[in-house]
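Grab a pencil and have a look at the protein below. A few short exercises follow, each with a worked solution.

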Amino acid sequence: MSADPTDGLQRAAERLCQARRVVVFTGAGMSAESGIPTFRDPGGLWERFRPEELATPEAFERDPDRVWAWYQERRRLMEAAPPNAGHLALAAMEPYFDEFTVITQNIDRLHQRAGSRRVLELHGTILANHCHYCGLPYEEELLPEKTAPICPACGGRVRPSVVWFGELLPEAVFTEAEHSIENCDVLLAVGTSGEVYPAAGLVRQAKLFGVTVVEINPKPTELTTVADIVVRESAARALPALLQLLRQYRQAGACSQ
Ligand code: APR
């Protein structure tokens, strides 16, 4: 398999040219060039913090204010972060296909802010909150920085609406994601280490349905052996280049539709 990004990009563009239904499966690397840290890269979040102390229901029940304050800091960063050229390229690619679904593990909503219209959030979003005990959505705009708010309905503590380790993914979202990957022609896996299940299992599941898998990541990952095409490049460089090639092929009449 060629490690030359250009070769991978050309092969990916040729395959996209023949595709009618596309899924893009994204992870933290998708937002790295927006200034949002990833988890498992050198200097990433799980190198500086212990997930069992900050990203589990037990951690929240043990110390709700500490967990809330950590997510509040991440929320501020994500609210201030701009969608990068990769997010924008994906949104611009959408009209070329009958179906174009972004399945993201990210909680930053940058795909939606870039204009992507069909986004499935497997791990929830940091830009919403709900009561950890009764589940009531917490709609207050003004949020404390250091203390988890009190639910007005039950007096429980309010948490960010993200999926923590040990929690189930939103069932309807995951079922829709499975349906999308089983019925697509090409799956682009962008900026994910492919280490966290059940999300990462979707890429392997796609292979079972004969889907062409393209990995876009500067480094090898758990998914590299599953990929048919590898583009060793960053999201914000590879995706605009892929969009440009796709446009060239379409203008040259080289695409099937
Ligand atoms: N462009 C593309 N990929 C990048 C870039 C970039 N600019 N920078 C880093 N990457 C790649 C890294 O090589 C790595 O493979 O992004 C990947 C990030 O991997 P992780 O940090 O493990 O993030 P992710 O795969 O999204 O983690 C999955 O784990 O902690 C949980 O819930 C959390 O959703 C997260 C899940």
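The exercises go from the domains to the ligand, and keep in mind that this is a predicted model.

**Exercise 1.** Work out which stretches of the chain belong to each domain, and how far apart the domain centres lie.

*Solution.* Start with domain 1, which takes in 1-34, 83-122 and 169-257. Next comes domain 2, made of 37-80 and 124-162. Now go from one C-alpha centre to the other: domain 1 and domain 2 are 28 Å apart by that count.

**Exercise 2.** Describe the contact between the two domains and find the three residues that supply the most buried area on the side of domain 1.

*Solution.* First, count who touches whom: 14 residues of domain 1 meet 13 residues of domain 2. Then look at the area, about 1,100 Å² buried between the two, with 58% of it from carbon and sulfur atoms. Finally, pick out Ala-28, Ile-107 and Arg-109, which together give 45% of what domain 1 buries against domain 2, more than any other trio.

**Exercise 3.** Check whether Asp-41 and Lys-219 pass the salt-bridge test, then sort the contact residues of domain 1 by class.

*Solution.* The cut-off is 4 Å between a Lys or Arg side-chain nitrogen and a carboxyl oxygen of Asp or Glu. For Asp-41 and Lys-219, the closest N and O atoms are 2.6 Å apart, and the pair forms a salt bridge. Between domain 1 and domain 2 there are two salt bridges, along with five residue pairs in polar contact. As for class, the side of domain 1 touching domain 2 has six charged, five nonpolar and three polar residues.

**Exercise 4.** Find the ligand's surroundings and its polar partners.

*Solution.* Begin with the 23 residues around the ligand: Ala-28, Phe-39, Arg-40, Thr-192 and Ser-193 come nearest. Now list some polar distances:

- Ser-193: a side-chain N or O atom is 2.6 Å from a ligand oxygen.
- His-123: a polar side-chain atom is 2.9 Å from a ligand oxygen.
- Gly-29: a polar backbone atom is 3.4 Å from a ligand nitrogen.

Last step: the ligand alone has 740 Å² of accessible area, and the protein covers 92% of that.

Terms used:
Residues are numbered from 1 along each chain as its sequence is written. This is a predicted model: local features need pLDDT of at least 70, side-chain atom pairs count only at pLDDT 80 or more; totals for chains, interfaces and linings use all residues. Side-chain values use heavy atoms; hydrogens and water are left out. Domain bounds come from an automatic or database domain assignment. Contact means heavy atoms within 4.5 Å. Buried area is the accessible area (1.4 Å probe) that two parts lose on being put together, summed over both. A polar contact is a pair of N or O atoms within 3.5 Å; within protein, one must be able to donate a hydrogen and the other to accept it, and residues adjacent in sequence count only if both atoms are side-chain atoms. Ala, Val, Leu, Ile, Met, Phe, Trp, Tyr, Cys and Pro count as nonpolar, Asp, Glu, Lys and Arg as charged, and the others, Gly among them, as polar. A residue is near a molecule or strand if one of its heavy atoms lies within 4 Å of it. Accessible areas come from the Shrake-Rupley method with a 1.4 Å probe; for residues, only the protein chains shown count as cover.
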